[in-house]
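Visitor: Could you take me through the aromatic pairs here? I'd like a close look at a few of them, and at what lies around them.

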Amino acid sequence: MRKIIVFASLLLLVTGITFAGGATEQPKKGTDAATKSDVTEIYFLSSSVKPYDVAMPIMIANFEKENPDIKVKLEMLPTKNIWEIVEIKLGAKESTPDVLFTDSPLVTSYVVKGYLEPLDSYYSETELDQYLPVAIDAGSVGGKLYAAPFLNSSQVLYYNTDLFDEAGVPRLSKDPADRLTWEELVDLAKKVTFDRDNDGIPEVFGLGISQISRPYQMLSMPESLGGKPIGKDGLTVKGVLTDDAWLTAGKFIQDIFNESKVSPKGVSASDMLAYFPSGKLAMLLGPDYNVNAYSNLKDFNWDYAPYPYFEGGVPVTPTGSWSLGVNKTSKNKEAAVRLIKYLTLAPNNITWFEMDGHLPTNKLTMEHIGNSEKYKQWPFDIFELLKHESTYTAIPRPSTPGYLEYESVLTNAFEDIRNGADVASTLKDTETRIERMLQKYR
Amino acid sequence: MIQSKRERLVPYIFLIPAFLGLAFFRLIPIFSSLIDSFITTSYTNGATKKFAGLSNYIFVLTDPVFLRALLNTFVFTIIVNPFQIIWAFVMALLVYRPGKGMNIFRTIFFIPFTISLAITSTIWGIMLNPNGGLVNSILGLFSIPPGEFLTSHKQALGSIIFLVSWRAVGYWMIFLIAGLQNISQSLYESAWIDGARAWQSFLYITMPMMKRVFLFVIVADTTQNFLMFAPMYILTGGGPQNSTNVAMYEAYKNVFIYADRGGGNAMVMIMILLMLLIVFLEFKILIPKE
């Protein structure tokens, strides 16, 4: 009997508290619930690379102001982590992230794996017409658009004019027709490499390659010699990575680090970018958007020149960048597409461009560059050169469902070559390994 | 005293939370890995999964890169475990006796373990940079030619063994100090009265009395190092020339980069089997015979 009384008292106490609380909180709760149900929260997985780390939060704040019914949960990660998160989360069919940064050569891979939602039905023809046709091609598979074009990229040769003056080297031509050959570039790099204390380790290296060992930049070397990055069907590399163009380019890369020693070993791609403005590199083959950062630096004197090519070969420049995709299993596709349109279409794409500085994929943003006085003056007149490169010399990375495997194995191969491994056997092993990995797509 | 049924159940009830943790975070994932290791995904017509029998196991066991990774794992484990335990034991012998300032030394030796492995790797990566890193600058003071460290296939694994040991020895030292302090002083006093020298006391008292502690430290250190790949992931990506590519890292890459979940899980199962075998042998060899 005693137990029943205690149980009944507890029950009364618990229900009493619940109802009492409910009675006083009810109106407020009701209001909150109504507000919350009107707000859609979307999860946006973005790259944290500079200058996105600053520009993206500003754009998201602006977007939320203009779209009070959408709240964006922004997560910014380094490139490598984005690829891994996508494989983990989208591979497990999770509904987040809703919007994701998609490296353009990975679009085919993501479509084959069923990660991306086709976007055509969300766009009007006028909207689609804002994108450059070549950028739409890069985001499309089988005639359907899966990744909205966001950024493009190119590379130029930046050089430190103070160090050039110190070495008595004249300024370089900006005319693409007068671009240096790789051979001339290395000779020049020797002149601007300084080992002031003669300890065998230069304080200033002549040349840095910003995306060292990554196919994005390294592929331009065998391609300049007529080499191909992958077989025609995108599913084989047999005989491709071991042809003369690759062997010659591989040997050339190795010599830069081990024979002429004009470029530093053991420096990662992300650190390489910081070496140039800190005066540790006299020249840097670096990204287009760095012009914004360098133009803000005081007491740092620099200029730019076109990307080099191999003597007897053709000029080839790296290109391609991030596009934006929607997770196929997202529960908030409409809101996700609204964010993508906000970032990639004018006028907001122009606002983004002014902060970010990447070559755009939007025709109206390109027109803005053409019409603006700012882009006719040094250093922003670099966009004239960039426009030339993207029109005439840019070759995108290969389109293959196995791009992630291709990129990862090839990066290690270039890194090994850089560190002195035998070029022929490294490329042979790499070819065998990639061939083995592409089997599952055939 | 006869225990009631209720009393006999008490220890099992206390074990339930630990068992649930073990089941959810260890046993179920291992079981799920085992199942996945027999499944393959084909991408020829969308992503389709099918039962693969032993083909994932055959595929990975004929992969020269995985076999090289297994070899690296063995070399790494065989060197790193004795290296860490000897280093930790020497440090423990230096500081286990109570005395003035001993706590300060113990703290100093333990501090590296409080730094995460990721930070340790990053800091040592900067110090081992062949172009003007701190280590080469110090070597230069003694006219020793600069090392290539993480960029050389001959030095990279050794460099990683050193940096992970720098962090770990302080941790193992704590267990060894506890073991040393547990040895009764009366044993040493009796030996001294019998005329035993210091090295004889060490060999015939300290070492046998430490056997159980060594067993724990060796088994725990082996399991930790056998699965370690964070420094390789952060510093070398498994290179140069696969010299630091360990089996667990290769399994990770298979699952999360190479889109080969079945192959990666087959690698994990092979690793689990090998580790069980090694730990079994360690128990067999090191368990003191009563």
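Guide: Let's start with Trp172(B), which is buried because its relative accessibility is just 1%; buried means under 20% relative accessible area, exposed means over 50%, and partly exposed is in between, using a 1.4 Å probe and protein chains only. A quick word on ground rules: this is a predicted model, where local features need pLDDT of at least 70, side-chain atom pairs count only at pLDDT 80 or more, and totals for chains, interfaces and linings use all residues. Residues are numbered from 1 along each chain as its sequence is written, chains are lettered from A and ligands numbered from 1 in the order in which they are written, and side-chain values use heavy atoms, with hydrogens and water left out.

Now, the pairs. Over all chains, the structure holds 50 aromatic pairs. Rings of Phe, Tyr and Trp (for Trp, the six-membered ring) pair if their centres lie within 6.5 Å; planes under 30 degrees apart count as stacked, over 60 as edge-to-face, and the rest as tilted.

Take Phe63(A) and Tyr342(A): their ring centres are 5.1 Å apart and their planes sit at 70°, so this pair is edge-to-face. Phe63(A) belongs to helix α2 (residues 52-66) of chain A and Tyr342(A) to helix α14 (residues 333-344) of chain A, so the pair ties together parts that are 279 residues apart in sequence. Helices here are DSSP runs (H or I, at least four residues), as are strands (E, at least two), and both are numbered from the N terminus. Are these two partners buried or exposed? Phe63(A) is buried, with a relative accessible area of 1%, and Tyr342(A) is buried as well, at 8%.

Back to Trp172(B): with Tyr171(B) it forms an edge-to-face aromatic pair, 4.8 Å centre to centre and with 65° between the planes. Tyr171(B) is partly exposed, because its relative accessibility is 26%, while Trp172(B) is buried at 1%.

Aromatic rings can also gather in a group. Phe44(A), Tyr52(A), Phe101(A), Phe150(A), Trp322(A) and Trp352(A) form one aromatic cluster.

And the chain around Trp172(B)? Chain B has 13 helices and 2 strands, and 44% of its 290 residues count as buried. Its C-alpha trace spans about 80 × 75 × 30 Å along the principal axes.
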